[in-house]
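Visitor: I am new to this structure, and I would like to understand the reasons behind the words that are used for it. Could you show it to me before we begin?

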Amino acid sequence: MGEHANLYMGKDIYFWNFIVLMVFTLFELGAVFFETVPGTDIDISRSAVWAILIGVGIVKGYGIAAFFMHLRDEHKWFNITFMFPWIFVALMLWGIGLSNPEGVTGLPSWCTPDWSYATER
Amino acid sequence: MGLPDFIVACKAMLDDTVAAELGMLGISVSGLLIIVIAVSNWWFEDLPFIGHGEQIATSYPFEGDHIRKVGLWVFIMSEIMVFATFFSSYLRMRTEWCTKWAFENSDGGFDGCRSSDDWVLTASDYLRPGGAKIDGLGNSVGDFWTLLPGGINTFALIISSYTIVLALKTAKNANWEAPKGIMGKLMPTRKAAVRNYLIATLMLGSLFIVLKLVEWSHLVAEGFTIGTVQGSIFYIATGAHGLHVFVGLVIMLYLVFKADTVGYDEDNAQGIEYFGLYWHFVDLAWVVIFPAFYLY
C-alpha cells in the first residue's frame, strides 16, 4: 500500500475503490436475493447468477489487489510474484477441479482436459 | 505431528457423532505454545523499531526493497496456492453434485438427478432464500436472513480493509491535522487516530469471527454437519479462512498495543503496511470463497 496523491471529486483512489467494492457486493447479494430482475418479470437464471458472481468477483479481486494491495504501482517483480501461483491455480482448477466425469461431459470442451481417465475410470 | 488429532478434535466440535477428547489436543497445544513463544520474541524485537535498521534486499530482482515486504509477498504466493487447493477440491466435487437449486431450476443437466431423492444439499442450498430447511409439510422455510451473517461479514471485511488503509495513510502523513467535529474528538492526535483506525479494524475482524460462529451453529443445528462431503469441504475451507482472520486479529492486538505505546509515524509505518497486505489478502480470499460457497 503506497500513496496515491491524485484526488477524484475530493477523495482519493482508496475511497472510491472502497465504494466500488461495497456497491458490487450489494449487486452480488442482489443477484442471489432476487429471483426476477426488480420491476420486471425477467427471470434471473442460474447461468446469469453464475456469470454475475464471476464478473463481480473479478472486479472486486482486481480492486483489492491493484489498489488496496497497491500492485498497480509496484514494480513488475512484485506483480510477477503475485501472478506466479495463478499458473498453478489454473492448473489445479483445470486439472483437478474439472476432471470428473460430469465436468468433462457437461462443460465446453475448451475448458476441460481431454484425459481418458476422467471418463473411463 | 499433532495435526490429525487436532482435525479430529475440530471435527468433534462440529459433528456430535464424533467423541471429543481433550487429550487429542496435547501435541497441538505444545506446538501452539512454541509458536506463541517465537512470535512473542519477534514482537519484543519489533516493538522498539522506529524506522532505523530495516533490512534491504541487495540482489536482483528485489534490490532495494525491504526484505520483510518481499518475504510477505512470497508468503502470500504460498497462501494463494493453499486456498486454490480448497477451491479446486470444491470445484471437483461441486460440478458433480446435483444441488437442490440446480434441480429446481432444471438446468443442471445431471442424469443422476431425476428426483429430489438425488439431491445433495450444499451450504448455499441452506443459506439461499427459500433454502434447504424443510417444514413438516415438505415446504422450504429458509429465508434471506440465513444468508445475513455471511453478507454482513463480506461488508465487514471490506470496511476493515479500508480502515487499515486509513490507519496507514494517517501514520504516513507527517502533516496530519485533526478533523473537525465528532471525528476530531475521537481522533485528537495522529497517534490516537492510527490506534483508533486499528481498533476499528480489530472490531470488524472480531465481528467476522462472531458471525461466522453464529452461522456455523445455525448450519449444524439444521443438520449440515462436517460429517458429509459437502459439509467437510465447506467447514474446512471457510474454517481455514476464519483461522487466517483470527491470526490477523492476534497480530492486530499487537499493532494496537504498539500504536498506543511507541506509536506509528512516517518512519516506522511498515508494520501496518505489511500487515495490511496480509489483511487485504484475507479479504481477497473471501471474494472467492463467499460467492463459491455461500451464493452459488
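Guide: What follows is a conversation about terms and the values behind them.

Guide: This is a predicted model, in which local features need pLDDT of at least 70 and side-chain atom pairs count only at pLDDT 80 or more, while totals for chains, interfaces and linings use all residues. Residues are numbered from 1 along each chain as its sequence is written, chains are lettered from A and ligands numbered from 1 in the order in which they are written, and side-chain values use heavy atoms, with hydrogens and water left out.

Visitor: What makes the meeting of chain A and chain B a contact, and how many residues does it take from each?

Guide: Contact means heavy atoms within 4.5 Å, and by that test 49 residues of chain A and 54 residues of chain B take part.

Visitor: How do you know what area chain A and chain B bury between them?

Guide: The size of an interface is often given as the accessible area lost when the parts come together. Buried area is defined here as the accessible area, taken with a 1.4 Å probe, that two parts lose on being put together, summed over both; for chain A and chain B this comes to about 4,900 Å², with 77% of it on carbon and sulfur atoms.

Visitor: Why is the pair A:Glu74 and B:Lys69 called a salt bridge?

Guide: Side chains of opposite charge can pair when their charged atoms come close. The rule asks for a side-chain nitrogen of Lys or Arg within 4 Å of a carboxyl oxygen of Asp or Glu, and A:Glu74 and B:Lys69 are 2.7 Å apart, N to O, so the pair qualifies. Between chain A and chain B the count is two salt bridges. On the side of chain A that touches chain B, at least two residues each come from α1 (13-33), α2 (46-68), α3 (76-97) and α4 (101-106) of chain A, where helices are DSSP runs (H or I, at least four residues) numbered from the N terminus. The most, 13 residues, come from α3(A).

Visitor: Which salt bridges does B:Asp46 form?

Guide: Chain B is divided into domain 1 (1-46) and domain 2 (144-296), with bounds from an automatic or database domain assignment. The side chains of B:Asp46 and B:Lys258 meet at 3.5 Å, N to O, in a salt bridge, and one salt bridge is found across the interface of these two domains. B:Asp46 also forms a salt bridge with B:Arg68, the closest N and O atoms being 3.5 Å apart; this pair links helix α2 of chain B with helix α3 (residues 67-94) of chain B, its residues being 22 apart.

Visitor: How do you know that the span of α8(B) is close to the one expected?

Guide: The expected span is 1.5 Å times one less than the number of residues. Helix α8 (residues 190-221) of chain B has 32 residues and reaches 47 Å from its first C-alpha to its last, close to the expected 46 Å.

Visitor: What makes A:His70 and the bond between B:Tyr60 and B:Pro61 worth pointing out?

Guide: Most residues other than glycine have a negative phi, and most peptide bonds are trans. A:His70, however, is not a glycine and has a positive phi of about 65°; this residue is in the loop between α2 and α3 of chain A. A cis peptide bond joins B:Tyr60 and B:Pro61, with omega about 5°, and B:Pro61 lies in the loop between α2 and α3 of chain B.
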